[in-house]
Amino acid sequence: MAVAALDAQTAAQAPQQSSRELVMTVGKSLVVNSAATIERVAVGFGDIAEARAVGPKEVLLNAKAPGETSLIIWQEGGNKLFFDVTVRANLSPARSKLESLAKRVRDELPGQQVEVSMEGENVFLRGTVNDLVSAQRAVAIASTGGKVTNLLYVAVPPTDAQILLKVKFATVDRSIISDLGLNLVSTGATNTSGRVSTGQFFPPGPNTIGGPQSDTFTISDALNIFLFRRDLNLGATIKALETRGLVELLAEPNVLAINGKPAAFLAGGEFPYPILQGGQGGIGTVTVAFREFGVRLGFLPLLTPRGTIRLDVAPEVSSLDYTAGLTIQGFTVPGLATRKVETEIELESGQSFAIGGLLDRRLTQTIEKIPLLANIPLLGKLFQSRTVNKQNNELLVIVTPEIVRPAPSEQSITQLNFPAPLMGDEKSPRTPGVNQTGAAPPPPGQRMPVEQLMQQLKTEGEMKLKQDKEIATWPSSQPLPMPGPPQTPPPAAPIKQ
């Protein structure tokens, strides 16, 4: 670019030297022409612009950095030329970088309104994205261009999917017990008083042997058949029993949970058991803890990108078993007959899996006999006793997950079928409806700032962690706290050894 210099003679006649303005861009050059021969050139700030004579009447001016400075040219004859130089920033690289960032954001987040702007080394993001993941990706892309200021809004996320887990416990226990045995007793037959028995079933016995009352005897267990011939002074007790037992159990617990959140269900109760704790002087105290039993179900559902439901499920059925219990210092602690399964499976909504099965058949036979006499053909059966125990146990556990939604407010929900009214026409107290309390709060807007959404997620996470921490630090000898106001476990009353 050429700039015509002021004529030396005109400048000399002017009462005051005036300055001309030169506007340049960083990285650009400018040629200043002079009508007279140039003797000397000077620039105010060399960091902003650089001047160099390239001929007797030409000066090359290079813009180096944004700012303002002055250029003075001394001409032959004593005349001077004054210039005010303004150097502006070169926006071409920044514009190119901005366009590149905006293109990357559009390519990665199609259909979402995200605006990218730059001021110096700062990148500003504005607009609305669909979810938190999109916001994080936009920030990651923009961070390649400088320091990011996130001013994005996030569309209010929809309600999380809710999963209903249906579990069926089906079990059948069949048992058959048969007993067969014979006991003989003599009150004086062949001048002999006594009895013959295998000992498996308690035999009768005479009151006295060889005494005046040898014709009498005592029966503690008459069993099924009792025979006595007074003329022969000979009696017999026969046990021939067959017991059949049948136990059927069908439990169908249903639990509802939000996607990714654990849920648990228990229909049963708790039984106490003692715990011995050490004390001073070797004298311990006994405290009481509680153990849960009944129909229990715990599961954690997770929707996969394939549209299936991944389940970590642990169903359990337990009942008190006093035959397997024990007694310690007056405390009777029952055992637990437990059937449980813990596994991880993946299903589509509405599909079913048999996650556990058991077919247990047992045969127990006990035969007791009198040596030698039991080996006599035909008559040897009278000197034998036999017990046969047959057990047949069948167990099946089926799970069915379903993605469900709540019933609309205007639709009636399922009610319990009571055979008779409990309290007549009286109604239980309840919280007044919106017709008395006023309209419900308005629904949330269509979008919200990223910071607000992240704070909400952080609060939900801290609430869960707080609950887990309380469970982890609660004393093992005390029951876990129930949801509600904080409670302090009552001190256990010491029981002397």
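**Exercise 1. Strand β6 and its partners**

Which residue is the bridge partner of Leu-30 in β6?

*Solution.* The model examined here is predicted, so local features need pLDDT of at least 70 and side-chain atom pairs count only at pLDDT 80 or more, whereas totals for chains, interfaces and linings use all residues. Residues are numbered from 1 along each chain as its sequence is written, and side-chain values use heavy atoms, with hydrogens and water left out.

Begin with the strands themselves, where helices (H or I, at least four residues) and strands (E, at least two) are DSSP runs numbered from the N terminus. Strand β3 (residues 29-33) pairs with β6 in the antiparallel sense over 5 bridges, where two strands pair if DSSP finds at least two bridges between them. Within this pairing, the partner of Leu-30 in β6 is Leu-61.

Next, consider β5 (residues 49-55), which also pairs with β6 in the antiparallel sense, over 6 bridges. Here Arg-52 has Leu-60 as its bridge partner in β6, and the hairpin that joins β5 to β6 runs through 2 residues.

Finally, turn to burial, with buried meaning under 20% relative accessible area, exposed over 50%, and partly exposed in between (1.4 Å probe, protein chains only). Of the 6 residues of β6 (residues 58-63), 5 are buried, so the strand is largely enclosed by the rest of the structure.

**Exercise 2. The sheet containing β7 and β8**

Determine the strand order of the open sheet that contains β2 and β4, and identify its edges.

*Solution.* The sheet is open and has 4 strands in the order β2-β8-β7-β4, with mixed pairing. Its edges are β2 (19-25) and β4 (38-43), and because each has a single partner strand, one side of each is left without a neighbour in the sheet. On average, neighbouring strands of this sheet are turned by 25° against each other, direction ignored.

For the pairing of β7 (residues 67-75) with β8 (residues 80-88), the sense is antiparallel and there are 8 bridges. One register point is given by Ser-70, whose bridge partner in β8 is Asp-84.

**Exercise 3. Helices α2 and α3**

Describe how α2 and α3 are arranged relative to each other, and which residues make the contact.

*Solution.* Helix α2 (residues 92-108) and helix α3 (residues 132-142) pack at an angle of about 155°, with axes 10 Å apart; axes are lines fitted to C-alpha atoms, for helices over the stretch in contact, and angles run from 0 to 180 degrees between N-to-C directions.

The two helices are therefore roughly antiparallel to each other, a class that takes angles over 145, while under 35 counts as roughly parallel, 65 to 115 as roughly perpendicular and the rest as oblique.

The contact (heavy atoms within 4.5 Å) is made by Leu-101, Arg-104, Val-105 and Glu-108 of α2, together with Arg-137, Ile-141 and Ala-142 of α3. By class, this contact has 4 nonpolar, no polar and 3 charged residues, where Ala, Val, Leu, Ile, Met, Phe, Trp, Tyr, Cys and Pro count as nonpolar, Asp, Glu, Lys and Arg as charged, and the others, Gly among them, as polar.

**Exercise 4. A sheet with a partner from far along the chain**

Locate Leu-151, and establish how it relates to Pro-449.

*Solution.* Leu-151 lies in strand β11. Strand β11 belongs to an open sheet of 4 strands in the order β9-β10-β11-β26, with mixed pairing, whose edge strands β9 (113-119) and β26 (447-449) each pair on one side only. The twist averages 15° from one strand to the next.

Strand β11 (residues 147-155) and β26 run antiparallel and are joined by 3 bridges, with Tyr-153 standing opposite Pro-449 in β26. The C-alpha atoms of Leu-151 and Pro-449 are separated by 7.6 Å, although these residues are 298 residues apart along the chain.

As for its surroundings, Leu-151 counts as partly exposed at 38% relative accessibility. Leaving aside neighbours within four places in sequence, Leu-151 is in contact with Phe-124, Leu-125, Arg-126 and Gly-127.

The helices of the preceding exercise return here: α2 lies across β9 and β10 (122-129), running at about 160° to β9, while α3 packs on the sheet, touching β10 and β11, and its direction makes about 160° with that of β11.
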